[in-house]
Amino acid sequence: MISSEQILMQIEKQVHKAKMETNEQSTREALVAIRALCDVVLDSSATLPPVLSTVPTAPKVSTQSSVLKEDDANGESLFDF
């Protein structure tokens with residue numbers, strides 16, 4: 001497990017990088033990295049991250065088939081007219 005001290009050191013590196021950048025895009029990338037690192041520290045106190053606790057489940061599909069009965073049908077086949 002990564003300690004919060006290690007993450008804080010990485011945040012400091014990203015802050016320094018953001019201050020030194022002259023390109024706005026590079027500054028924004030450093031700020032996004034800082035946000036992600038902060039989220040890691042804050043979410044580590046929770047038992048499960050919110051993303052994992054709300055995993056969608058696939059809808060249940062019935063494996064039993066029922067035969068549709070029509071008055072004007074000749075048989076069970078799709079091709080019986």
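This passage describes the fold, the two longer-range helix faces and the confidence of a predicted model. The chain has 81 residues. Its secondary structure comes to 3 helices and 0 strands. From the N terminus on, the elements run α-α-α. Of the residues, 10% count as buried. The accessible surface comes to about 7,700 Å². Carbon and sulfur atoms account for 57% of that surface.

Confidence varies along the chain. The average pLDDT is 76, and 54% of the residues score at least 70. Among the elements, α1 has the highest mean pLDDT, at 92. Helix α3, which spans residues 50–53, has the lowest, at 48. Over residues 47–53, pLDDT stays under 50. For this stretch the model has 1 contact beyond four places in sequence. Where pLDDT is low, predicted coordinates should not be read in detail. The description below therefore concerns α1 and α2, given that α3 has the lowest mean pLDDT of the elements and that low-pLDDT coordinates are not to be read in detail.

Helix α1 has 17 residues. From its first C-alpha to its last it reaches 24 Å. That is close to the 24 Å expected at 1.5 Å a residue. Its buried residues are I7, I11, Q14 and A18. These cover an arc of only 65° around the axis, so they lie on the same side of α1. On the other side, E5, E12, K13, H16, K19 and M20 are exposed. The cover over the buried residues of α1 includes α2.

Two residues of α1 illustrate the two sides. Q14 belongs to helix α1 and is one of its buried residues. Its relative accessibility is 18%, so Q14 counts as buried, the limit being under 20%. Beyond its neighbours within four places in sequence, Q14 is in contact with A30, A33, I34 and L37. Of these partners, A30 and I34 are among the buried residues of α2. E12 also sits in helix α1, but on the exposed side. At 57% relative accessibility, E12 counts as exposed, because the limit for that class is over 50%. E12 and I34 are 22 residues apart in sequence. Their C-alpha atoms are 8.6 Å apart in space.

Helix α2 covers residues 24–43 and has 20 residues. It reaches 28 Å from its first C-alpha to its last. This is close to the 28 Å expected at 1.5 Å a residue. The buried residues of α2 are S26, T27, A30 and I34. They cover an arc of only 105° around the axis, which puts them on the same side of α2. On the other side, E24, R28, V32, R35 and L42 are exposed. The cover over the buried residues of α2 includes α1, residues 4–20. The relation runs both ways, since α2 is in turn part of what covers the buried residues of α1. At the start of α2, a side-chain oxygen of N23 reaches to within 3.1 Å of the backbone nitrogen of Q25.

Further residues of α2 can be placed against the rest of the chain. V32 lies in helix α2, on its exposed side. Its relative accessible area is 51%, so V32 is exposed, the cut-off being over 50%. The C-alpha atoms of V32 and Q14 are separated by 9.4 Å. Along the chain, V32 and Q14 are 18 residues apart. V41 is likewise found in helix α2. With a relative accessible area of 26%, V41 is partly exposed. V41 and I2 are 39 residues apart in sequence. In space they are 9.4 Å apart, C-alpha to C-alpha.

Definitions and conventions
Residues numbered from 1 in each chain as written. Predicted model: local features only at pLDDT ≥ 70, side-chain atom pairs only at ≥ 80, totals over all residues. Heavy atoms only, no water. Helix = DSSP H or I, 4+ residues; strand = E, 2+ residues; numbered from the N terminus. Expected span 1.5 Å × (residues − 1). Buried < 20%, exposed > 50% of the residue type's maximum accessible area, 1.4 Å probe, protein only. Arc of directions from axis to C-beta. Contact = heavy atoms within 4.5 Å. Polar contact = N/O pair within 3.5 Å; in protein donor to acceptor, adjacent residues only side chain to side chain. Areas by Shrake-Rupley, 256 points an atom, 1.4 Å probe, with all protein chains shown as cover. pLDDT = per-residue confidence, 0-100.
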